[in-house]
Amino acid sequence: MSDHFASFAKTAPSSGRITSVASADRGDPSDDALLHVLETTFGYPAFRPLQREIIAASLAGRDTFALLPTGGGKSLCFQLPALVRPGLTVVVSPLIALMKDQVDQLQAAGVAATFLNSSLSETESRSRLAGLHRGEWRLLYVAPERLLLESWAEKLKAWNVTALAIDEAHCVSEWGHDFRPEYRQLTTIRDLLPDVPVMALTATATERVRADIITHLRLREPAVYVASFNRPNLTYRVLAKDEPLKQILEFVNKRTDECGIVYCASRAATERVAESIAKRGLAARPYHAGLTPTERSENQEAFLRDDVRIICATIAFGMGINKPNVRWVIHHDLPKNIEGYYQETGRAGRDGLPADCLLLFSGGDAAKQTHFIDEMTDEHERNVARAQLRLMSHYAESAACRRRELLAYFGETFPLDHCGACDNCLEPRDTYDGTLVAQKFLSCVYRIREAGRFGVGVNHLTEVLTGADTEKIRRWGHNTLSTYGIGKELSRPQWAAVGRELMRLGYIAQSTGEFPVLELTDSGLTVLRARTSITLTRPMDTPKAKRAVPRQGDIKCDEILFARLRELRKKLADERRVPAYVIFGDATLRQMAREYPTSEAAMHGLFGMGEKKRAEFATAFATTISNFLQTNPQIHFSE
């Protein structure tokens, strides 16, 4: 394997934290034995960060908690141990599509894996159960509801279960984003199989959810691993929203051969965007809860199999989508919180290759969501939602490194000031002397509070600054303030943007009650009195003024040959009725299109090329490469 692909194998995510672990975790089998299985079965030359430690803890018989972000390689943490320990590993998974997807990939790699769920006929279910009684399977994927059936107690005891993996473990927690009551009942399996080690895996980040999972699954002195949330292969961009359909079309027209997701806030928007893209000759379909189960299933399957390259979806589309070659994610609307945004952008670039994340932002979207939040009946939920939306808006408007801000939300410090893969680092926005406008804004906050002993919201404040004639301004006497009308040089939206930046800088704060009001902070009062110089960042330009951010770290290869290999992969996948990535991921095809292997032997050591796949597919791909070279010159690439 070339150095280029050896280093690629170790990309995102970067280093993580081992919260607790025992020295006994370094047990048998040896590192060399595990690496041998990793390479011959899965075709990977090295473990991703924390995978080796998690696997070792599990094989040592410890309960294990693993928090790895989307694309961080969670599945391998229980799949590989299942191949080197005796007995059956039971994997609890919440979604039928996710079970089938993982089993298809495992079987393509030569692993004896199966699933049991409601999608199977009675005859097929009986056949798989018989195989379990005969000890034919190493991994069994099952939904929690089926695992908890009373009739399964004796089966589980008879099947020599030696490990239990609970995927998407955040479903255990009421504080998680996808709580499922049946996950709480999995503790009964602990009583049924008391000596079987349990591994809980999730991508949910908050410490509260983490503690809830460990408590409710009754993990016993677990080894706890928290990976870095950095996804270095993703490039983050935010654009001022301006004719969003036109912006999206301009974006996707430059990427017609790539798969992507457009996330929308409403069902109507998903339909509208999908229709607009399809009218331009690009295959796109909607996905939302308003479609029938059959329509949702068909649209998702078409996307997974590359029959449709673009899916326009609400947040109903996400968990369980294991498609590694999603090259971009667009947010048509502002997400409700940073955690949701992070998870949705995490659908891109799961194969470790470069991918783009674009957020279209407008203050109007934030105002629209604020209106929905105001209609919530629970005061605590309203306050939490407001705070989360405020953080999301701050992220969108911030001029700081986007990667640094994302990681900070999850309690992680990015060690560099410049990530080199976000719009703010690659094209820093202009700054200006904002002392005068800042003084006007801060003075207005101060004068209103001083005059009435109460604060006001940002909308009322911008009306005072611009000299609006409203009933509230007259009733409260704010038209008599010295700051009334002193800001007519800016529009109300422009003043609102100034206010949000002063909030980000810590000079003003917004309360969290039913009627959020602005207050000066201690530092805001200090700069107001001292007339300290304040530098502000100019608002985001509309996209016409922005250059495209280059994609970082793309693997150079013969793009014409890569397209031919993708056609072959699609043909082989369709014959087997599986998604194309079950055959090979894009990284494998790109390495072929870079190194031109023309024999099965030359395929040895390619990234993602395990022994089973080499035996089954190498000849077909080598033949295609040989035929290609008969009429096309070989290109030589520097590292």
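**Exercise 1.** Find the bridge partner of Ala113 in S5, then work out how S5 sits among its neighbours.

*Solution.* Start with the pair itself: Ala113 has Leu139 as its bridge partner in S5. Strands here are DSSP runs of E with at least two residues, helices are runs of H or I with at least four, and both are numbered from the N terminus. Next, zoom out to the strands: S4 (residues 113-116) and S5 run parallel, with four bridges between them. Two strands count as paired if DSSP finds at least two bridges between them. Now look at S3 (residues 88-92), which is also parallel to S5 and joined to it by four bridges. There, Val91 is the residue opposite Tyr141 of S5.

A word on the source: this is a predicted model, where local features need pLDDT of at least 70 and side-chain atom pairs count only at pLDDT 80 or more, while totals for chains, interfaces and linings use all residues. Residues are numbered from 1 along each chain as its sequence is written, and side-chain values use heavy atoms, leaving out hydrogens and water.

**Exercise 2.** Sort the side chains of S5 by the way they point, and say whether they are buried or exposed.

*Solution.* Take S5 (residues 139-142) in two sets: Leu139 and Tyr141 point one way, Leu140 and Val142 the other. That's the textbook pattern, since side chains in a regular strand alternate between the two faces of the sheet. As for burial, all four are buried (under 20% relative accessible area; exposed is over 50%, partly exposed in between, with a 1.4 Å probe and protein chains only).

**Exercise 3.** Explain why the buried residues of H6 lie on the same side of the helix.

*Solution.* First list them: Ser125, Arg128, Leu129, Gly131 and Leu132. They share a side of H6 because they cover an arc of only 155 degrees around the axis, taken from the directions from the helix axis to the C-beta atoms. Then check the other side, where Glu122 and Thr123 are exposed. Finally, see what the buried residues pack against: S3, S4, S5 and helix H8 (152-158), with contact meaning heavy atoms within 4.5 Å.

**Exercise 4.** Place His331 and decide whether it is buried or exposed.

*Solution.* His331 belongs to strand S13 (residues 326-331). Its relative accessible area is 2%, so it's buried. Skip the neighbours within four places in sequence, and its contacts include Tyr263, Tyr341 and Glu344.
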